[in-house]
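Here are my notes from going through the model, as promised. Have it open beside you while you read, and take the points in any order you like.

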Amino acid sequence: MSDSGRQRQIVELLRDRPFASVRELQERLGVSAATVRRDIDKIDEAGEARKVYGGISALDGASQAGVAYARPYDENRDLAVEAKRQIAALAATMVRDGDAVIVHGGSTCFHLGAKLADRNIRLYTNSMPLIAYLSDHGHCSLTVAGGELHREPGIIHSLTQTVSFYASKFFLGAQGIGPEGVLESHPLLVRSIVELSLCADQIVVLADSRKLSIHARNVALPLSRIGTLVTDDGLSDADARMLEDAGVMVRIASSSGAVQ
């Protein structure tokens with residue numbers, strides 16, 4: 001296969017999924033890792049997709065349906081970091097000593113888990129980055145999800161085991177939020193969110209205000225299931241009204257450190 005033919009095949013693959021690793025592309029295309037990396041460089045230079053650590057990511061909004069693709073965890077964690085930290089700090093005040101909480105995968109939830117590391121709580125998570133952090137730095141009671149490690153999107157999940165943990169609150173992030181609800185592109189994240197949402201009294205979404213402008217392809221949870229959204233002060237009045245009309249309590253972590 002020619003260089004251009006391989007590169008077209010990679011771009012076509014990314015129309016249906018958010019990310020492809022170098023190893024996967026090696027096996028699919030039958031070429032060396034060095035050849036795959038050269039193809040990725042060419043595609044990135046042409047602006048058809050984005051070179052990321054370990055592989056290649058579809059551009060947000062690149063699909064023919066006009067929906068955004070999820071960024072890989074390693075890329076997403078470096079976006080809107082200060083807003084995510086402020087959101088996590090406010091969310092941590094919603095947890096009381098003795099609580100049992102579920103903290104989902106994702107970069108904002110990672111910051112929350114780090115805030116809760118030394119609290120007298122029981123914490124369940126499927127986030128591999130958070131598990132690694134808490135094993136080194138945490139003193140809270142930690143329960144780890146069972147199943148296989150899915151390196152992208154960085155969670156542990158089983159298709160057969162049921163979750164035997166029950167919590168007062170389930171904290172999760174979102175790729176996007178709209179009138180339909182919490183939105184995700186990755187089918188595994190949708191499945192995980194649905195399953196864990198059945199294991200908690202309250203559902204709390206942690207999402208910076210950018211997420212209100214992102215439309216992903218799958219509805220993970222309708223707004224009617226969401227109790228609270230914790231976001232930053234970039235939330236527009238129109239989006240705030242949409243959420244409040246749907247019965248979602250909105251809490252704002254402002255850049256000044258004040259909370260609403």
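1. In which hand does α5 pass α6, left or right? The crossing of these two helices is right-handed. Please keep in mind throughout that the model is predicted.

2. Let me add the geometry of that helix pair. Two packed helices are described by the angle between their axes and the distance between the axes. Here α5 covers residues 81-92 and α6 covers residues 107-115. Their axes lie 8 Å apart and make an angle of about 50 degrees. That angle is why α5 counts as oblique to α6.

3. You may want to display the side chains where the two helices touch. From α5 come Val81, Lys84, Arg85, Ile87, Ala88, Ala89, Ala91 and Ala92. They meet Ser107, Thr108, His111, Leu112 and Lys115 of α6. Sorted by character, the residues of this contact comprise 7 nonpolar, 3 polar and 3 charged.

4. Next, a look at Ser197, which belongs to helix α8 (residues 187-197). Is Ser197 buried or exposed? Its relative accessibility is 2%, and because the cut-off for buried is under 20%, Ser197 counts as buried. The side chain of Ser197 also reaches back to the backbone oxygen of Val194, at 2.7 Å.

5. Which residues does Ser197 contact once its neighbours within four places in sequence are set aside? The answer is Phe170, Ile203, Leu221 and Arg225.

6. Met128 makes a nice companion to that serine. Met128 sits in helix α7, which spans residues 128-137. With a relative accessibility of 29%, Met128 is partly exposed, whereas Ser197 at 2% is buried.

7. What surrounds Met128? Apart from neighbours within four places in sequence, Met128 is in contact with Leu149, Gly154, Ile155 and Ile156. Looking the other way along the chain, Gly105 is 23 residues from Met128 in sequence, and their C-alpha atoms are 7.7 Å apart in space.

8. Finally, the chain as a whole. The protein chain contains 9 helices and 15 strands. Of its 260 residues, 52% count as buried, and Ser197 is one residue that counts as buried. Among contacts in the chain with a separation of 6 or more, 57% are between residues 24 or more positions apart.

Definitions and conventions: Residues numbered from 1 in each chain as written. Predicted model: local features only at pLDDT ≥ 70, side-chain atom pairs only at ≥ 80, totals over all residues. Heavy atoms only, no water. Helix = DSSP H or I, 4+ residues; strand = E, 2+ residues; numbered from the N terminus. Buried < 20%, exposed > 50% of the residue type's maximum accessible area, 1.4 Å probe, protein only. Polar contact = N/O pair within 3.5 Å; in protein donor to acceptor, adjacent residues only side chain to side chain. Contact = heavy atoms within 4.5 Å. Axes fitted to C-alpha atoms, helices over the stretch in contact; angles between N-to-C directions. Parallel < 35°, antiparallel > 145°, perpendicular 65-115°, else oblique. Left-handed = near helix turned anticlockwise from the far one by under 90°. Nonpolar A, V, L, I, M, F, W, Y, C, P; charged D, E, K, R; others polar.
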